[in-house]
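User: I'd like a close look at one part of this model, the salt bridges, and then a walk outward to whatever else you can tell me about it. Keep it relaxed, but give me the numbers.

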Amino acid sequence: MANNPSNSIDSVTSEGIKYREDKELPEEQVVALYQALGWSSAEKPEQLMAGLRGSHRVISAWHGDRLVGIGSAISDGALVVYYPHLCVHPDYQRLGVGRQIMRRMTEHYAGFHQQQVVADSRAIGFYEKCGFEIAGSCQPLWIYGGHDHD
């Protein structure tokens with residue numbers, strides 16, 4: 001993968017996973033990752049890729065040339081950030097990849113008034129370990145075009 005040092009930060013963990021901060025992602029690997037997780041956004045590759053390119057920040061995880069994880073942030077740049085995507089391929093889950101992506105995200109946005117995520121009930125424990133809390137009496141509301149969170 002070609003890397004442009006002016007818009008990406010690279011590092012390697014002890015597990016051999018390399019993290020990049022750029023939006024140069026191969027569509028076929030992004031779609032394959034989302035498909036491996038059963039996410040309905042994989043059925044809309046053009047919109048998925050446009051959404052990632054339009055994100056405020058994207059962090060991807062690589063094992064060699066294989067995309068194994070991705071996280072994104074949408075933000076106003078000053079006060080609020082929302083993390084819509086955190087995907088780790090099933091073969092790489094429980095290795096710290098998701099936690100590393102979230103650590104990099106939350107550290108980058110540490111001074112913000114509000115960092116938020118809408119988590120599937122199976123992922124709440126993970127996000128709590130990353131420092132998130134249930135939002136008091138707030139409840140997520142949405143108009144959803146997918147079918148993977150029924």
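Which side chain does Arg-122 meet in a salt bridge, and at what N to O distance?

Analyst: Arg-122 pairs with Asp-120, and the N to O distance is 2.9 Å. Bear in mind that this is a predicted model, so everything here is computed from it. As background, side chains of opposite charge can pair when their charged atoms come close.

Now look at how the two partners sit. Arg-122 is exposed, with 71% relative accessibility, while Asp-120 comes out as partly exposed at 23%. The cut-off for buried is under 20%, so Asp-120, at 23%, doesn't count as buried.

That bridge is one of five that turn up in a search of the whole structure. Let's put two others beside it. Asp-22 forms a salt bridge with Arg-20, and their closest N and O atoms are 2.9 Å apart. The setting here is an inside one by the accessibility numbers: Asp-22 is buried at 5% relative accessible area, and Arg-20 is buried too, at 2%. So this is a pair in which the acid is buried and the base is buried as well.

The other one joins Asp-91 and Arg-66, at 3.6 Å from N to O. Asp-91 sits in the loop between strand E5 (80–88) and helix H3 (97–108), and Arg-66 belongs to strand E4 (residues 66–75), so this bridge ties together parts that are 25 residues apart in sequence. As for accessibility, Asp-91 is exposed at 54%, and Arg-66 is partly exposed at 32%.

Stepping back to the overall layout, the protein has four helices and six strands. Along the sequence they run β-β-α-α-β-β-β-α-β-α. Of its 150 residues, 37% count as buried. Ala-42 is an example from a loop, the one between helix H1 (27–36) and helix H2 (45–53). Its relative accessible area is 7%, so Ala-42 is buried. If you want a spatial neighbour to check in your viewer, try Val-30: the C-alpha atoms of Ala-42 and Val-30 are 8.2 Å apart, with their positions 12 residues apart in sequence.

Next, the second largest pocket. Its volume is about 610 Å³. There are 18 lining residues, and the ones closest to the pocket centre are Val-117, Val-118, Glu-133, Ile-134 and Ala-135. Strand E6 (114–116) and helix H4 (124–129) each give at least two residues to the lining. By residue type, that lining splits into 10 nonpolar, six polar and two charged.

Val-118 is worth a second glance. Besides being among the residues closest to the centre of that pocket, Val-118 joins Trp-142 and Tyr-144 in a nonpolar surface patch of about 310 Å². Trp-142 is in the segment after H4, and its relative accessible area is 53%, so Trp-142 counts as exposed.

To pull the salt bridges back together: Arg-122 with Asp-120 at 2.9 Å, Asp-22 with Arg-20 at 2.9 Å, and Asp-91 with Arg-66 at 3.6 Å. In your viewer, you could start from the exposed end at Arg-122, then go to the buried Arg-20, and finish at the partly exposed Arg-66 in the third pair.

Definitions and conventions: Residues are numbered from 1 along each chain as its sequence is written. This is a predicted model: local features need pLDDT of at least 70, side-chain atom pairs count only at pLDDT 80 or more; totals for chains, interfaces and linings use all residues. Side-chain values use heavy atoms; hydrogens and water are left out. On a 1 Å grid over the protein atoms alone, a cavity is a set of points where a 1.4 Å probe fits but cannot get out, and a pocket is an open set with protein on both sides within 12 Å along at least five of seven lines; lining residues have an atom within 4 Å of a point. Grid points are joined across faces, edges and corners, and a volume is the space filled by probe spheres set on the points. Ala, Val, Leu, Ile, Met, Phe, Trp, Tyr, Cys and Pro count as nonpolar, Asp, Glu, Lys and Arg as charged, and the others, Gly among them, as polar. Patches are made of residues with over 30% relative accessible area and no salt bridge: like charges are joined within 9 Å, nonpolar side chains (Val, Leu, Ile, Met, Phe, Trp, Tyr) within 5 Å. Accessible areas come from the Shrake-Rupley method with a 1.4 Å probe; for residues, only the protein chains shown count as cover. A salt bridge is a side-chain nitrogen of Lys or Arg within 4 Å of a carboxyl oxygen of Asp or Glu. Buried means under 20% relative accessible area, exposed over 50%, partly exposed in between (1.4 Å probe, protein chains only).
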